[in-house]
Amino acid sequence: MSYYDVDAILTDAEKVPCQFELDVPQLGHLDNSPDGLKPGTPLLLPLWLAEMLALASSGGAADDGRAPLTLNLPPCLSDAVVAALKAEPRAVALRDQSPHFFGVSARMLDLFDERALGTLLRRAFVARAADAARSS
């Protein structure tokens, strides 16, 4: 992957759900809150930022080195989408779920230990790639 890869840049810009675990008083504008972000605040952040914050530790003695936020699986990998992929991977409109579905999925699999989801996504990719190869 190149530094100038447009697909990688757009994949990194996809918004993913996360939840703040620490009190962050100066970032209230992210949630339209005048008091700042409180622990438990749900927020959608770009993947690149959410990943960095989820893997970082706060470094404060009072916080026990916790990460500032918890990253959750995005809606494009919801239970309904996974069930539809299990049933028939070629029938799911993946572009409607996310314009960069497999890129976001690969990045999420790097962050989460979801072997069953990885196997399912690999099977879906192979089935869809075979259809694309046959039609060209």
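The following dialogue reads several features of a predicted model.

Visitor: Which residues does the UniProt annotation "domain: DNA replication complex GINS protein PSF3 N-terminal" cover?

Guide: According to the record, an unreviewed UniProt entry, that annotation covers residues 4-54. In the predicted model, this span is 29% helix and 22% strand, and its end C-alpha atoms lie 25 Å apart.

Visitor: Which residues carry the annotation "domain: GINS subunit"?

Guide: The unreviewed UniProt entry assigns it to residues 76-130. Here the span is 73% helix and 0% strand, with 22 Å between its end C-alpha atoms.

Visitor: I should next like to read the sheet. In what order do the three strands stand?

Guide: Two strands count as paired if there are at least two bridges between them. In this structure the three strands form an open sheet in the order 2-1-3, with antiparallel pairing. Strand 2 (42-46) and strand 3 (69-71) are at the edges, and each has a single partner strand, so one side of each has no neighbour in the sheet. Neighbouring strands are turned against each other by 40° on average, direction ignored.

Visitor: How many bridges join strand 1 and strand 2?

Guide: Strand 1, residues 15-20, pairs with strand 2 over five bridges in the antiparallel sense. Lysine 15, for instance, has proline 46 in strand 2 as its bridge partner.

Visitor: Where does helix 2 lie with respect to the strands?

Guide: Helix 2, residues 47-55, lies across strand 1, strand 2 and strand 3, and runs at about 115° to strand 2.

Visitor: Which residues of helix 2 are buried, and why do they line one face?

Guide: A residue is called buried when its relative accessible area is under 20%. In helix 2 the buried residues are Leu47, Ala50 and Glu51. Viewed down the helix axis, these buried residues fall within an arc of 100°, so they line one face of helix 2. They pack against helix 1 (6-12), strand 1, strand 2, strand 3 and helix 5 (101-111).

Visitor: Let us take a loop residue for contrast. Is glutamine 26 buried or exposed?

Guide: Glutamine 26 is found in the loop between strand 1 and strand 2. Its relative accessibility is 67%, so glutamine 26 counts as exposed. From glutamine 26 to alanine 50 the separation is 24 residues in sequence and 17 Å in space, C-alpha to C-alpha.

Visitor: How are aromatic contacts to be read, and how many aromatic pairs are there?

Guide: Aromatic rings pair if their centres lie within 6.5 Å, and planes over 60 degrees apart count as edge-to-face. The count here comes to two aromatic pairs. In one of them, phenylalanine 101 and phenylalanine 102 meet edge-to-face, at 5.2 Å centre to centre and with 85° between the planes. Phenylalanine 102 and phenylalanine 125 also form an edge-to-face pair, with values of 5.2 Å and 85°.

Visitor: Which parts does the pair of phenylalanine 102 and phenylalanine 125 tie together?

Guide: Phenylalanine 102 lies in helix 5 and phenylalanine 125 in helix 6 (residues 115-135), so the pair ties together parts that are 23 residues apart in sequence. Phe101, Phe102 and Phe125 form one aromatic cluster.

Visitor: What is the relative accessibility of each member of that cluster?

Guide: Phenylalanine 101 has a relative accessible area of 3% and is therefore buried. Phenylalanine 102, at 26%, counts as partly exposed. Phenylalanine 125 also counts as partly exposed, at 46%.

Conventions
Residues numbered from 1 in each chain as written. Predicted model: local features only at pLDDT ≥ 70, side-chain atom pairs only at ≥ 80, totals over all residues. Heavy atoms only, no water. UniProt positions renumbered as here; feature names shortened; annotations may be inferred. Helix = DSSP H or I, 4+ residues; strand = E, 2+ residues; numbered from the N terminus. Axes fitted to C-alpha atoms, helices over the stretch in contact; angles between N-to-C directions. Contact = heavy atoms within 4.5 Å. Buried < 20%, exposed > 50% of the residue type's maximum accessible area, 1.4 Å probe, protein only. Arc of directions from axis to C-beta. Phe/Tyr/Trp six-rings, centres within 6.5 Å; stacked < 30°, edge-to-face > 60°.
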